[in-house]
Amino acid sequence: MSDDSQTSEPRSFEQDVLDELGDDRLQEIAGLLGTDASGARDVVGTTASALSGDIRGRAADPAEADEVRQALAEVGPADPTPQGIAALGGGLGGLVGGGMMAGMLAKVSKPVANAVSKKTGIPAAKVTRVIEMLIPVVLAVVSKRAARTKGPGAAGGSAPGSGGGLGDLLGQILGGKK
């Protein structure tokens, strides 16, 4: 199962979130949800997908695209992932160092929790607690992906910005087919 060697299709955002989360945190989420590791993986994948989809949706909205662009620029290579960020999980205290992207994720957490709750049947309050645990992990993944994306040959945060450029950047960082 070493799909890492595929050059045509990069690893999914959801898989990177699961990898960054680690087995201990996954077990903690499973306990919170009253399920096993497989059930927790499904909820984490669904939640990560919903979070990234919401951010992509905000980027497509001209009124919010600039905020998304600024948040992405903030998590680039100049702001490397803090050590042990996945260990911070739980509560908004872990968001202090996350800046604009953390604020954006916190802002979308309620609608995402409601959407995931509808899809999975898990109470929104439990999904919200999972999201609180995932935000530092998502920040770490976004930061790592942004660093790779802005790395060799990239134009940095202030590229001559059409909305398509932001969409392409988000596609590279958050995944997705668009």
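**A kinked first helix and two oblique helix pairs**

A straight helix of 21 residues would be expected to span 30 Å at 1.5 Å a residue, yet helix H1 (residues 13-33) covers only 22 Å between its end C-alpha atoms. In this predicted model, H1 carries a kink of about 95°, and the kink is centred on Gly22. Several residues of H1 are buried, beginning with Phe13, Asp16, Val17, Leu18 and Leu21 and continuing with Arg25, Leu26, Ile29, Ala30, Leu32 and Leu33. A general point helps in reading such a list: an α-helix has 3.6 residues a turn, so residues three or four places apart point the same way. Just after H1 comes Gly34, with a positive phi near 70°.

It is useful to set H1 in the context of the whole chain. The protein contains 6 helices and 0 strands, and from the N terminus on its elements follow the order α-α-α-α-α-α. Of its 178 residues, 39% are buried. Among contacts with a separation of 6 or more, 78% are between residues 24 or more positions apart.

We turn next to the packing of helices. Two packed helices are described by the angle between their axes and the distance between the axes. For helix H2 (residues 37-60) and helix H3 (residues 62-74), the angle is about 120° and the axes lie 5 Å apart. H2 is therefore oblique to H3. On the H2 side, the contact involves Ile55, Arg58, Ala59 and Ala60, and these meet Pro62, Glu64, Ala65 and Val68 of H3. Sorted by class, the contact of H2 with H3 comprises 6 nonpolar and 2 charged residues, with no polar ones.

H3 also packs against helix H4 (residues 99-120), here at an angle of about 130° and with the axes 7 Å apart. This angle makes H3 oblique to H4. H3 contributes Glu67, Val68, Gln70, Ala71, Leu72 and Glu74 to the contact, while H4 contributes Gly99, Met100, Met101, Met104 and Lys107. By class, the contact of H3 with H4 is made up of 6 nonpolar, 2 polar and 3 charged residues. Val68 of H3 thus appears in both settings, as it is listed in the contact with H2 and again in the contact with H4.

Definitions and conventions: Residues numbered from 1 in each chain as written. Predicted model: local features only at pLDDT ≥ 70, side-chain atom pairs only at ≥ 80, totals over all residues. Heavy atoms only, no water. Axes fitted to C-alpha atoms, helices over the stretch in contact; angles between N-to-C directions. Helix = DSSP H or I, 4+ residues; strand = E, 2+ residues; numbered from the N terminus. Parallel < 35°, antiparallel > 145°, perpendicular 65-115°, else oblique. Contact = heavy atoms within 4.5 Å. Nonpolar A, V, L, I, M, F, W, Y, C, P; charged D, E, K, R; others polar. Expected span 1.5 Å × (residues − 1). Bend = angle between axes of the 7 residues up to and from the residue. Buried < 20%, exposed > 50% of the residue type's maximum accessible area, 1.4 Å probe, protein only.
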